Amino acid sequence: MMKSEIIQKAKFSPKIKTYILLTVAFFLLISIIGIPVLIIWFLGFGQYISKRYFENLKCVLTDRHLIFSKGAFFMVEKTIPLENIQDLTFLQNPILNLLELRILKIETAGGSNPHGSDMKLIGITDAEAFKQKVLDQRERIARPTSKKEAGPEGAQMLELISEIRDLLKEIRKGQNDQSG
């Protein structure tokens, strides 16, 4: 298996900690059962969870994949092949706007979750540039211009296409020689 080349590592804004703290507090507040827990949440447990979540956030764009990991206690790591990415969308809400954060929602072809996105990246700094890098790399994979960009399978395919092209040229040349 070929080692992937890292194109960019995403950086996340520390404001994510505040976003998580406020978002969970909001849901605790609107639930009757959560109101007593809200006190514990603001006395330090919320800051601890938010800090752990932020420290475990990682997103890496490689030449073939987008790799994302997150979690406070239970870690989740997702690897999405770039050729499967169908849509990249920015989401915002009042809390995100207040904290100057954005969510980059990534949807894939044949995703296992038919009711939502496959990945949401909250608080990437310079999210617009990161989104553009992902799109550019996805385009390179979709339309490789060299054998190196195409990878081993793509290189074989490009070679086969080149051979077919050369054979067609020979056939055309033979037809022109016979008619002329």
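**Group meeting talk: a kinked helix, two sheets and a core**

I would like to begin with helix H2, which has 23 residues and yet has its end C-alpha atoms only 26 Å apart, short of the 33 Å that a straight helix would reach at 1.5 Å a residue. Please keep in mind throughout that what we are looking at is a predicted model. If you follow H2 along its length in the viewer, you will come to a kink of about 70°, and this kink is centred on Trp41. Trp41 is also one of the buried residues of H2, and the others are Gly34, Leu38, Gly46, Ile49, Ser50, Tyr53 and Asn56. What do the buried residues of H2 pack against? They pack against helix H1 and against the two strands S2 and S3.

Let me now step back to the whole chain. The protein has five helices and seven strands, and when we read along the sequence, these elements follow the pattern β-α-α-β-β-β-β-α-β-β-α-α. Of its 180 residues, 32% count as buried. If we take the contacts between residues at least 6 apart in sequence, 49% of them join residues that are at least 24 apart.

The strands can be taken sheet by sheet, and I will start with the sheet that holds S2 and S3. Four strands make up this open sheet, in the order S1-S2-S3-S4, and their pairing is antiparallel. In general, the strands of a sheet pair through backbone hydrogen bonds, and the pairing may be either parallel or antiparallel. The edge strands here are S1, covering 6–9, and S4, covering 76–81, each of which pairs on one side only. On average, and with direction ignored, neighbouring strands of this sheet are turned by 15° against each other. S3 and S4 run antiparallel and are joined by six bridges; to find one place where they meet, look at Ser69, whose bridge partner in S4 is Glu77. Helix H4 packs on this sheet, where it touches S1, S2 and S3, and its direction makes about 35° with that of S2.

One residue of S2 that we can look at individually is Thr62. Is Thr62 buried or exposed? Its relative accessibility is 4%, and because the cut-off for being buried is under 20%, Thr62 counts as buried. Leaving aside its neighbours within four places in sequence, Thr62 is in contact with Ser4, Glu5, Ile6, Ile7, Ile67, Leu82 and Gln137.

The other sheet I want to show is an open one of three strands, in the order S5-S6-S7, with antiparallel pairing. Why is one side of S5 and one side of S7 left without a neighbour in the sheet? Both strands stand at the edges and each has a single partner strand, so one side of each has no neighbour there. The average turn between neighbouring strands of this sheet, with direction ignored, is 20°. H4 packs on this sheet as well, touching S5, S6 and S7, and the direction of H4 makes about 170° with that of S5.

Within this sheet, S5 and S6 run antiparallel and are joined by six bridges, one place to look being Ile85, whose bridge partner in S6 is Thr108. Thr108 is buried, with a relative accessible area of 17%, and, apart from its neighbours within four places in sequence, it is in contact with Ile80, Asn84, Ile85, Gln86 and Asp118. S6 and S7 pair in the antiparallel sense over four bridges; Ile106 has Met119 in S7 as its bridge partner, and Lys105 stands opposite Lys120 in S7.

Finally, we come to the inside of the protein. In soluble globular proteins, nonpolar side chains tend to be buried together. The largest nonpolar core in this model has 31 residues, and those with the most contacts inside it are Leu66, Ile106, Leu121 and Phe130. The elements that give two or more residues to this core include H1, H2 and H4 among the helices, together with strands such as S2, S3, S5, S6 and S7. Which element gives the largest share of this core? The answer is H1, with five residues. There is also a second, separate core of six residues, and Tyr19, Leu96, Leu101 and Ile103 are among them.

Methods:
Residues numbered from 1 in each chain as written. Predicted model: local features only at pLDDT ≥ 70, side-chain atom pairs only at ≥ 80, totals over all residues. Heavy atoms only, no water. Core = buried A, V, L, I, M, F, W, Y, C linked by side-chain atoms within 4.5 Å. Buried < 20%, exposed > 50% of the residue type's maximum accessible area, 1.4 Å probe, protein only. Pairing = 2+ DSSP bridges. Axes fitted to C-alpha atoms, helices over the stretch in contact; angles between N-to-C directions. Contact = heavy atoms within 4.5 Å. Expected span 1.5 Å × (residues − 1). Bend = angle between axes of the 7 residues up to and from the residue.
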